[in-house]
Amino acid sequence: MITGFNTDVKYRGVVYHVQTEDKGTSNPLIETLIYKGGEILGSRRLPYGDVVKDGSETAITKLMEDQHKSVIMEVK
């Protein structure tokens, strides 16, 4: 089971929380949310059912890592 990623990003004195999770094989979607003080400021969603047809945890984890890192760079 893939648990997800959580990272606090400090930018210009403000802390943003970036959270990425897999919604599971019944809903093949990777979702990344950007929080500030508990409020969702933005999100990115990646459906992966057409890309990872066999449910490979390695492939899903790679997609999650890439999306998580990309959003962190955008926040910075």
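Let me start with a term: a strand here is a DSSP run of type E, at least two residues long, and strands are numbered from the N terminus. Keep that in mind. One more thing up front: this is a predicted model.

Now the sheet. Four strands form it, and it is open. The order is β1-β2-β3-β4, and the pairing is antiparallel. Which strands stand at the edges? They are β1, residues 5-11, and β4, residues 39-47. Each has a single partner strand, so one side of each is left without a neighbour in the sheet. On average, neighbouring strands are turned by 15° against each other, direction ignored.

Let's walk through the pairs, one by one.

Start with β1 and β2. They pair in the antiparallel sense over seven bridges. One place to look is N6, which stands opposite Q19 in β2. The two strands form a hairpin, with two residues between them. Look at R12 in that turn. Its phi is positive, about 50°, although R12 is not a glycine. R12 sits in the loop between β1 and β2. Is R12 buried or exposed? Its relative accessible area is 74%. The cut-off for exposed is over 50%. So R12 counts as exposed.

Next, β2 and β3. This pair is antiparallel too, over six bridges. Q19 appears again here: its bridge partner in β3 is L33. So Q19 has N6 opposite it in β1, and L33 as its partner in β3. These strands also form a hairpin, this one with six residues between them. G24 in the turn has a positive phi of about 100°.

Then β3 and β4. Strand β3 covers residues 29-36, and it pairs with β4 in the antiparallel sense over eight bridges. Two partners to find on screen: Y35 stands opposite I40 in β4, and K36 has E39 as its bridge partner in β4. The hairpin here has two residues between the strands. G37 takes a positive phi near 60° in it.

Stay on β3 for a moment. How many of its eight residues are buried? Seven are, so β3 is largely enclosed by the rest of the structure.

Now pick one residue on β2. The strand runs over residues 14-22, and E21 is in it. E21 has a relative accessible area of 26%, so it is partly exposed. Partly exposed lies between the 20% and 50% cut-offs. What does the side chain of E21 do? It makes a polar contact with the side chain of K23, at 2.8 Å. Leave out residues up to four places away in sequence, and E21 touches G4, L29, I30, E31 and M64. Here is a distance to try yourselves: E21 and L33 are twelve residues apart in sequence, and 8.9 Å apart in space, C-alpha to C-alpha.

On to the helix. Helix α1, residues 57-75, packs on the sheet. It touches β1, β2, β3 and β4. Its direction makes about 160° with that of β2.

Zoom in on Q67, which is in α1. Its relative accessibility is 7%, so Q67 counts as buried. The buried cut-off is under 20%. Which side chain joins that of Q67 in a polar contact? It is T32, at 2.8 Å. Beyond its neighbours within four places in sequence, Q67 is in contact with I30, E31, T32, R44, R45 and L46.

Last topic: the cores. The largest nonpolar core has seven residues: V9, Y16, V18, I34, V71, I72 and V75. Both β2 and α1 supply at least two residues each. Where does the largest share come from? From α1, with three residues. Take V75 as an example. Setting aside its neighbours within four places in sequence, V75 is in contact with V9, Y11, Y16, V18 and I34. Apart from this core lies another one, of six residues. Among them are I30, V52, I60 and M64.

To recap: four strands in an open antiparallel sheet, and helix α1 packing on that sheet. The largest nonpolar core draws its largest share from α1. That's it from me.

Conventions:
Residues numbered from 1 in each chain as written. Predicted model: local features only at pLDDT ≥ 70, side-chain atom pairs only at ≥ 80, totals over all residues. Heavy atoms only, no water. Buried < 20%, exposed > 50% of the residue type's maximum accessible area, 1.4 Å probe, protein only. Contact = heavy atoms within 4.5 Å. Polar contact = N/O pair within 3.5 Å; in protein donor to acceptor, adjacent residues only side chain to side chain. Pairing = 2+ DSSP bridges. Axes fitted to C-alpha atoms, helices over the stretch in contact; angles between N-to-C directions. Core = buried A, V, L, I, M, F, W, Y, C linked by side-chain atoms within 4.5 Å.
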